[in-house]
Amino acid sequence: MITDVVIAGGGPNGLMLACELTLAGVRPIVLERLAAPSTEPKANGLLGQVVRLADRRGLHERLSGMQGPPQPNSAYFMFAAMGLDLSVLADSPIYGLAVPQLRIVQVLEERARELGVEIRREHEVTGLAQDDDSVTVDVSGPDGTYRLRARYLVGADGAHSITRKLAGIGFPGVTYDRTTVRSAHATVPAEWVDPATGALNVPGYGTVPPFLPHRTERGGFSYAPFPGHPPLINTTEWDQPEPEVPMSLEELRESIGRVLGVDVPLGPPAGEGPHVLRRLTRGNTRMAERFFDRRVFLVGDAAHVYAATGGGPGLNLGLQDAVNLGWKLAAEIAGRAPAGLLDSYETERRQAASRMIMNAQAQSALIGPGSDVTALRELFTELLGHRDNVQHLAELIAGADVRYDMGEAGAHPLVGRFAPDMSLLTPDGSVRLAELTRNARPLLLDLTESGQLSGTLSGRHETAVDLVTARPEPPAPGATALLLRPDSYVAWASSSPRPEPEELKALQSALERWFG
């Protein structure tokens, strides 16, 4: 018996992929080494375009506990600990969702189980062999070892991915061995905290804004008072000898003294844990030589890792990998994928990963020590006084600058980009575009005044693609028709009240290119 897909790794990326595959009619098996979700504090939330993506699958309300669409940050952000004035932008691409990774895993596992996904905890991949038709996976579980045969295997098993290693896929990159990052949940003197802004007013130094990285010539510092949790405090230093004793609050206090030049008293964290108390030396920026090898695919940290500095964790990239791969893999399994569809996973997601790695490396260079870096930062700060530069960096941070190659359909400015949300009036009532994408199906959105696309879909496309006729409220800027892939990227668009024959021909080409 051959199952469709085995997913190695039941973290956020593996669970997201399992949900996507199930929505597309494929039944995956998820193998997870741990008996329960890890309580070790990791990512503190989602940043950028992935927040909008979560909304497209109905996950934003579950994760945030709030109704309605996500709201962008239109005030202030940071790039390499330099301020970005987002208020100058007409449409900020920076979205944030403060939710710990443990909660993200819990919500995704709940959703996966609702969809009927089989999750096998305390099971891990120990070997694999590929042939022309399948992958044979050796598995170790509580009752011993066994084998699974699957049409595809996806490694969502992290930076030290056993799947990647067994598939013989290299993981080249750079190891930074100069840095030491210390992190801990701790309390600070209550009178130092501004109750209105949450900023930390440090006597003898000045004000440190909350949540945003702060750089001196001696290192980096951040203070993050997450709601319902003790503050998370971080320092970054260069060329420090690694202590031989376990990390302690006193060690962090000494590090803060070196970075800020003043003493900051720290107390133990209040409330139930788990609490962070860790020291990390070295950092890695790496990308797999290839994102798949025949029938073995990689997503998330198994495919790319980067030493993040204020640009958002790799989780943001990995969840989008999962959504990009899910519908393509399902189409291949169902026998309806056009030629080259699976290859586009590598092309598109390598492009996105390369942008994010460039972002991380640039920020790391700009927060480095020394007066020469300080001079460069002074110049960079001047450049950030220009709106176009703020827009460029905000889109880079959010991942909104990624534009996929859609071939001959790519002339319209929306084509290749993540579709903007909009409020729509349909024959069935008012609805947001995000609500129309919850089923993860292709969508042809007809916003023309008289439903000009009503006869456009034919053959298999009549059942494979949802056609929705609607009127945008307010009018959609620059679009009267959109073809959306299941991952919400625009595959074709028109701005004409009545699309011209050449535009309709391009629409048919886009339908055939992406949906067979």
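**Figure 1. Leu 483 and the side chains packed around it.** Leaving aside residues up to four places away in sequence, Leu 483 touches Leu 443, Leu 444, Val 465, Tyr 489, Val 490, Ala 491, Trp 492, Leu 507, Ala 510, Leu 511 and Phe 515. Keep in mind while you look around that this is a predicted model. Leu 483 belongs to the largest nonpolar core, a set of 116 residues, and together with Leu 329 it has the most contacts inside that core. Helix H7 (residues 315–334) supplies the largest share of this core, with 11 residues. There is also a second, separate core of 23 residues, and Ala 81, Trp 238, Val 390 and Ile 397 are among its members.

**Figure 2. A look at helix H7.** How far does H7 reach from its first C-alpha to its last? The answer is 29 Å for its 20 residues, close to the 28 Å expected at 1.5 Å a residue. Now check how much of the helix is hidden: 18 of the 20 residues of H7 are buried, so the rest of the structure largely encloses it. Just after H7 comes Gly 335, which takes a positive phi of about 80°.

**Figure 3. Strand S16, covered on both faces.** Pick any residue of S16 and you'll land on a buried one: seven of the seven are buried, so this strand is largely enclosed by the rest of the structure. On one side sit Leu 232, Asn 234, Thr 236 and Trp 238, and on the other Ile 233, Thr 235 and Glu 237, all of them buried. S16 pairs with strand S11 (residues 173–185) in the antiparallel sense, over seven bridges. In that pairing you can find Arg 182, whose bridge partner in S16 is Thr 235. Strand S15 (residues 219–224) also runs antiparallel to S16, and five bridges join the two. Here, look for Tyr 223, which has Ile 233 as its bridge partner in S16.

**Figure 4. Glu 237 and Arg 258, a charged pair.** Side chains of opposite charge can pair when their charged atoms come close. Glu 237 and Arg 258 form a salt bridge, with their closest N and O atoms 2.8 Å apart. This pair links distant parts of the chain, since Glu 237 lies in strand S16 (residues 232–238) and Arg 258 in helix H6 (residues 249–260), 21 residues apart. Is each partner buried or partly exposed? Glu 237 counts as buried because its relative accessibility is 2%, under the 20% limit. Arg 258, with a relative accessible area of 33%, is partly exposed. The two also belong to something wider: salt bridges that share partners join Arg 182, Glu 237, Glu 251, Arg 258 and Arg 279 into one network.

**Figure 5. Arg 121 meets Glu 109.** The structure holds 29 salt bridges, and this view picks out the one between Arg 121 and Glu 109, where the closest N and O atoms are 2.8 Å apart. Arg 121 sits in strand S7 (residues 118–121) and Glu 109 in helix H4 (residues 101–114), so the pair ties together parts that are 12 residues apart in sequence. Both partners are hidden away: Arg 121 is buried at 16% relative accessibility, and Glu 109 is buried with a relative accessible area of 10%.

**Figure 6. Arg 441 and Asp 466, another salt bridge.** The side chains of Arg 441 and Asp 466 meet at 2.9 Å, N to O. Arg 441 is in the loop between helix H11 (433–436) and strand S23 (443–446), while Asp 466 is in strand S24 (residues 466–469), so the pair links distant parts of the chain, 25 residues apart. Arg 441 is partly exposed, with a relative accessible area of 30%. Asp 466 is partly exposed too, at 22% relative accessibility.

**Figure 7. Helix H10 and what covers it.** The 12 residues of helix H10 (residues 387–398) should span 16 Å at 1.5 Å a residue, and its end C-alpha atoms are indeed 16 Å apart. Its buried residues are Val 390, Gln 391, Leu 393, Ala 394, Leu 396, Ile 397 and Ala 398. Among the elements covering them are strand S3 (45–47), helix H2 (49–56), helix H8 (343–366) and helix H9 (371–383). Just past the end of H10, Gly 399 has a positive phi of about 80°.

**Figure 8. A three-strand open sheet.** The strands come in the order S22-S21-S25, with antiparallel pairing. Strand S22 (429–432) and strand S25 (471–472) are the edges, each pairing on one side only. Four bridges hold the antiparallel pairing of S22 with strand S21 (residues 423–426). For a spot to zoom in on, try Leu 424, whose bridge partner in S22 is Val 431.

Technical notes:
Residues are numbered from 1 along each chain as its sequence is written. This is a predicted model: local features need pLDDT of at least 70, side-chain atom pairs count only at pLDDT 80 or more; totals for chains, interfaces and linings use all residues. Side-chain values use heavy atoms; hydrogens and water are left out. Two strands pair if DSSP finds at least two bridges between them. A nonpolar core is a set of buried Ala, Val, Leu, Ile, Met, Phe, Trp, Tyr and Cys residues joined through side-chain atoms within 4.5 Å. Buried means under 20% relative accessible area, exposed over 50%, partly exposed in between (1.4 Å probe, protein chains only). Contact means heavy atoms within 4.5 Å. A salt bridge is a side-chain nitrogen of Lys or Arg within 4 Å of a carboxyl oxygen of Asp or Glu. The expected span of a helix is 1.5 Å times one less than its number of residues.
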